[in-house]
Amino acid sequence: MIMTLTSATVADACTGITLKSKDNGVVVARTIEWGESEMENLYVIVPRNHIQQSMLPDGETGGMTFSSMYGYVGLAVVQPGWVVDGMNEAGLSAALFYFPGYGQYPKYNPENKSKTISDFQLVSWILSRFSTIDQVKSAIQNIEVVNIYPNASTAHWRVTDSTGRQIVIEIIDGKPQIYENELGVLTNSPNFPWQIKNLNNYVNLMPGTAGPVKMGGITLSAFGAGSGLLGLPGDMTPPSRFVRASFFQTYSIPQETSYDSAMLAFHILNNFDVPLGTEFPVGKAPVNMPSATQWTISTDMKDKIIYYHTMYNRTIRSIDLAAIDFANVAFQSYPLDEKEQETIIPVRIR
């Protein structure tokens, strides 16, 4: 399953947004999709001074070893070391997004194995070692990021601090390219600058209702509310999701608190759940799951609380980093769902 996850390009439908609240809170949220199989989805609690070593191509050992200066909580896929979204106790968030067909990692050089890290462990390294974006920008120039399998898809990363400053890291031609993300949206391919430029194609869109307008002797009126966004792309490709997420995020109503923004993020991202059958030809879906969107996470960076729900259980669960003693807690990981079923609360008839 590890080889399938790192080499396939079907499940590249992750969508990320950023919201800010009136109390100066920042929320980063995203979906994660995988339609090939049901992943082992985990949450991981990592204490300070926890030591990890990177996997290397072809099963080699001796990759970069790093110890956690900061404790952190992350959501992982397949195995506890593969954290793809999380936040550390210093208030730094990092997340991995698929980036197929556009990134190019450096060719693995065994002579540099001590400073080489696999792409699926980069989030863990960032959360373990850094408290600011400037630290990440500097340190990433001194390491080499590789994939574990030759045919694996590449990734890119979103890093956010508690002020709302956010960067996107893409490795192109073997070199890290770092972009300030003032918009706060991220999906997948093509590259981030292209996605920003593509928004110019939708400069005519606006919230609200268009018209009415006169055409000759007749009056044209909208069929319903929201017609100012007529022409907003509705398909599930990364460019279309980037455009749609940009408008939904920008025109969402600013919330009073970061908690309110974290809850609003779930409502916005409901629009990006991917029905499993849409990713494959009719009758060709390899599994039958509730959704290709296996989980959604919303991280309140002000109060340092991670919220999530899954394809099996839409009940929102939370992990409060302020309640964790990262100096003494043991490393631990658990499935996101205790039971893979919805929590149904019967209505009491009075």
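**Exposed patch and buried core**

Reader: What makes Met-215 count as exposed in this predicted model?

Author: Met-215 has a relative accessible area of 53%, and because exposed means over 50%, Met-215 is called exposed. This residue is found in strand S14.

Reader: Which residues form a nonpolar patch on the surface, and which elements give two or more residues to the patch?

Author: Val-213, Met-215, Ile-218 and Leu-220 form the patch, and together they have about 360 Å² of accessible area. The elements that contribute two or more residues are strand S14 (213-215) and strand S15 (218-220).

Reader: Why is helix H2 described as largely enclosed by the rest of the structure?

Author: Buried means under 20% relative accessible area, and seven of the eight residues of helix H2 (residues 122-129) are buried, so the helix is largely enclosed by the rest of the structure. The buried residues in H2 are Leu-122, Val-123, Ser-124, Trp-125, Ile-126, Leu-127 and Ser-128.

Reader: Which residues have the most contacts inside the largest nonpolar core, and which helix gives the largest share of this core?

Author: The largest nonpolar core has 81 residues, and those with the most contacts inside it are Val-77, Leu-122, Trp-125, Trp-157 and Val-159. Helix H6 (residues 258-269) provides the largest share of this core, seven residues. Apart from this core lies another, of eight residues, including Val-274, Met-289, Ala-292 and Tyr-312.

Reader: What does Trp-125 touch, not counting residues up to four places away in sequence?

Author: With those neighbours in sequence left out, Trp-125 touches Met-64, Phe-66, Ile-117, Phe-130, Ala-139, Ile-140 and Ile-143.

Definitions and conventions. Residues are numbered from 1 along each chain as its sequence is written. This is a predicted model: local features need pLDDT of at least 70, side-chain atom pairs count only at pLDDT 80 or more; totals for chains, interfaces and linings use all residues. Side-chain values use heavy atoms; hydrogens and water are left out. Patches are made of residues with over 30% relative accessible area and no salt bridge: like charges are joined within 9 Å, nonpolar side chains (Val, Leu, Ile, Met, Phe, Trp, Tyr) within 5 Å. Accessible areas come from the Shrake-Rupley method with a 1.4 Å probe; for residues, only the protein chains shown count as cover. A salt bridge is a side-chain nitrogen of Lys or Arg within 4 Å of a carboxyl oxygen of Asp or Glu. Helices (H or I, at least four residues) and strands (E, at least two) are DSSP runs, numbered from the N terminus. Buried means under 20% relative accessible area, exposed over 50%, partly exposed in between (1.4 Å probe, protein chains only). A nonpolar core is a set of buried Ala, Val, Leu, Ile, Met, Phe, Trp, Tyr and Cys residues joined through side-chain atoms within 4.5 Å. Contact means heavy atoms within 4.5 Å.
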